[in-house]
Amino acid sequence: MSALPDVVAETWSPDASPRWRVPAVVRLLGLHLRSRRIPSALIALLACGVVLGAALEYHWWYGTGSAAGELPTLLEGCAAAIIGVTTHSPFGEPERATGRWLPFLRPALILALCGAAIGFLAAGAAVAYSPHAGVGLVGGMLPVARNLLGFTGVALLCSLAIGGLLSWIGPLAYVGICQCAAIANYSEPLTWASRPPADRGGWIAALVVFAVGLAAFTIRGPRVRPSGE
């Protein structure tokens, strides 16, 4: 009879594992971005910039006086609503288990999205800008940055009260309030979108709302129901 072949047992050793692995921080960041649907949010923010550029280029809903800022203000509110919805995750906030990382992930993501939104809107306005034809944003980019930050602060505060999935209601409703104030020539710091671009009171009100919303969101996070919604 022929001898049975020897059976060689394979044992796992650290040397058998891949030498290069994705760091845990990078994996955590990637999962955080995917759970908040950040790629979709960036596409939606880009669409806001495209619509703004097309509106300036083809004179869509772009009047004079108080009506000149209606469409830009609406797009700024839409961008803030998109940012607010990204605070929602269908899985709740599993990053709570990481402890120290969540307070950094929350504000970093909001600030990055605000920067992206301002950049996309600025790019759309720059593409359509034509001084000879009189095409351009009234007041330049100052009111865009101010309004976006203020509306985003409203969205963050709403995410604490009613959850990230419904936080879009806050900035869009606030856009309506500011539009009514502009039409009625009612000017208060809290209706910052109806005030001149360099108005100090409007800037202070918008930045205070943004700072309070960002701080509260960083500490508490969005409201999460027991079902994870």
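In this predicted model, ring pairs link Phe-151, Tyr-174 and Trp-192 into a cluster. Across the structure, the count comes to 3 aromatic pairs. Take Phe-151 and Tyr-174 to begin with: their ring centres sit 6.4 Å apart with the planes at 65°, so this pair is edge-to-face. Phe-151 belongs to helix H5 and Tyr-174 to helix H6, so the pair ties together parts that are 23 residues apart in sequence. Tyr-174 also pairs with Trp-192, and here the ring centres are 5.0 Å apart and the planes lie at 25°, so the arrangement is stacked. With Tyr-174 in helix H6 and Trp-192 in the loop between H6 and H7, this pair ties together parts that are 18 residues apart in sequence.

How buried are these rings? Phe-151 is buried, with a relative accessible area of 0%, and Trp-192 likewise counts as buried at 0% relative accessibility. Tyr-174 has a relative accessibility of 19% and still counts as buried, because the cut-off for buried is under 20%.

Two of the cluster residues turn up again in the largest nonpolar core, which holds 41 residues; Leu-52, Ile-110, Phe-151 and Trp-192 are the ones that touch the most other members. Plenty of helices chip in: helix H2 (38-58), H3, helix H4 (102-128), helix H5 (142-162), H6 and H7 each supply at least two residues of this core. As for Leu-52, leaving aside residues up to four places away in sequence, the residues it touches are Pro-72, Leu-75, Leu-121, Ala-125 and Leu-137.

Next comes Thr-73, a residue of helix H3, which spans residues 70-85. Thr-73 has a relative accessible area of 7%, so it is buried. Again setting aside residues up to four places away in sequence, Thr-73 touches Asn-147, Phe-151, Val-175, Gln-179 and Ala-193. One of these contacts, Phe-151, is thus also part of the ring cluster.

What about the backbone at Asn-185? Its phi is near 55°, a positive value in a residue other than glycine. For context, most residues other than glycine have a negative phi. Asn-185 is found in the loop between helix H6 (169-183) and helix H7 (200-220), and that loop also holds Trp-192. Is Asn-185 buried or exposed? With a relative accessible area of 69%, Asn-185 is exposed, whereas Trp-192 counts as buried at 0%.

Conventions: Residues are numbered from 1 along each chain as its sequence is written. This is a predicted model: local features need pLDDT of at least 70, side-chain atom pairs count only at pLDDT 80 or more; totals for chains, interfaces and linings use all residues. Side-chain values use heavy atoms; hydrogens and water are left out. Helices (H or I, at least four residues) and strands (E, at least two) are DSSP runs, numbered from the N terminus. Buried means under 20% relative accessible area, exposed over 50%, partly exposed in between (1.4 Å probe, protein chains only). Contact means heavy atoms within 4.5 Å. A nonpolar core is a set of buried Ala, Val, Leu, Ile, Met, Phe, Trp, Tyr and Cys residues joined through side-chain atoms within 4.5 Å. Rings of Phe, Tyr and Trp (its six-membered ring) pair if their centres lie within 6.5 Å; planes under 30 degrees apart count as stacked, over 60 as edge-to-face and the rest as tilted.
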